[in-house]
Amino acid sequence: MREDDCGTDPVDVRLAARLAELRAEHGWSLGELAERSGVSRSTLSRAERAETSPTAAVLNRLCAVYGRTMSRLLSEVEAEPALLVRAAEQPVWEDRAAGFVRRSVSPPHAALRGELVEGRLTAGADIAYDRPPVPGLEQHVWLLEGALEITAQDVAHCLAAGDCLRMRVWGPTRFRCAGPEDARYVLAVVLP
């Protein structure tokens, strides 16, 4: 991620503007969005003013309210989607506090239902999503390196390198990298 002269990441600035636009499009106050998403009004306000970069969990809650995948939301703040996305041009988003790095390998496109994401979790990372961004979202998780525990529908699945978990996401999910190594995986996301 690049930063401008003021130290603010341009993607965070565009994301903040898009979040404010989405709330305005729905005609919601910050209070109404806070009620719908379960995210505090102050966190929403700071995110919409680019004073802070939202965490993966906060973005997931907002995506659920707006009926978007995280990749779709992030693609809305990027330039026009290209048919060929060179490795150096693939958008990367980080939740440093959670130990999560997300590379949009094949960004979403309005005419397509699928996308590819590379995820990296540091050893000890534990990310819980309380709901899917889109109910019934189809996901295929192919673990390339490390070990990963994914919990969906109250069932924990332990993946080793080379394993692939296929699921439809209807409720809470959890991605946990117990270590001792980082986990790197490919996530195929298909809209219902």
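This passage describes the helical packing, strand pairing, loop contacts and aromatic pairs of a predicted model.

In the helical part of the structure, helix α2 spans residues 30-37, and its buried residues are L30, L33, A34 and S37. These four residues lie on the same side of α2, because they cover an arc of only 105° around the axis. Such a pattern accords with helical geometry: an α-helix has 3.6 residues a turn, so residues three or four places apart point the same way. The buried residues of α2 pack against three other helices, namely α1 (10-26), α3 (41-48) and α4 (56-66). Helix α2 is followed by G38, which has a positive phi near 80°.

Helix α3, one of the packing partners of α2, contains S45. The relative accessibility of S45 is 14%, and S45 therefore counts as buried. The side chain of S45 is joined to that of R49 by a polar contact of 2.3 Å.

Among the strands, β4, β9, β6 and β7 form, in the order β4-β9-β6-β7, an open sheet with antiparallel pairing. The edges are occupied by β4 (126-129) and β7; each has a single partner strand, so one side of each is left without a neighbour in the sheet. On average, neighbouring strands of this sheet are turned by 15° against each other, direction ignored. The antiparallel pairing of β4 with strand β9 (residues 173-176) extends over 4 bridges. Within this pairing, R174 in β9 is the bridge partner of A128.

A further antiparallel pairing is found between strand β5 (residues 137-145) and β8, which are joined by 6 bridges. L137 has V169 of β8 as its bridge partner. The two faces of β8 (residues 164-169) differ in their surroundings: L165, M167 and V169 make up the covered face, whereas C164, R166 and R168 make up the uncovered one. V169 thus belongs to the covered face of β8 and is also the residue bridged to L137.

The loop between β7 (155-160) and β8 contains G162. With a relative accessibility of 48%, G162 counts as partly exposed. When neighbours within four places in sequence are left aside, G162 is in contact with W142 and L143. The C-alpha atoms of G162 and L143 are 5.5 Å apart in space, while the two residues are 19 residues apart in sequence.

Aromatic interactions were also examined. A pair of aromatic rings is described by the distance of the centres and the angle of the planes. The model contains 4 aromatic pairs. For W93 and F100, the ring centres are 6.4 Å apart and the planes stand at 75°, so the pair is edge-to-face. W93 and F100 are both buried. Another edge-to-face pair is formed by Y129 and F175, with 6.3 Å centre to centre and 80° between the planes. Because Y129 lies in strand β4 and F175 in strand β9, this pair ties together parts that are 46 residues apart in sequence. Both Y129 and F175 are buried. Together with Y185, Y129 and F175 form one aromatic cluster. Strands β4 and β9 are accordingly linked by 4 bridges and by the aromatic pair of Y129 and F175.

Definitions and conventions: Residues are numbered from 1 along each chain as its sequence is written. This is a predicted model: local features need pLDDT of at least 70, side-chain atom pairs count only at pLDDT 80 or more; totals for chains, interfaces and linings use all residues. Side-chain values use heavy atoms; hydrogens and water are left out. Buried means under 20% relative accessible area, exposed over 50%, partly exposed in between (1.4 Å probe, protein chains only). Two strands pair if DSSP finds at least two bridges between them. The arc is that of the directions from the helix axis to the C-beta atoms. Contact means heavy atoms within 4.5 Å. A polar contact is a pair of N or O atoms within 3.5 Å; within protein, one must be able to donate a hydrogen and the other to accept it, and residues adjacent in sequence count only if both atoms are side-chain atoms. Axes are lines fitted to C-alpha atoms, for helices over the stretch in contact, and angles run from 0 to 180 degrees between N-to-C directions. Rings of Phe, Tyr and Trp (its six-membered ring) pair if their centres lie within 6.5 Å; planes under 30 degrees apart count as stacked, over 60 as edge-to-face and the rest as tilted.
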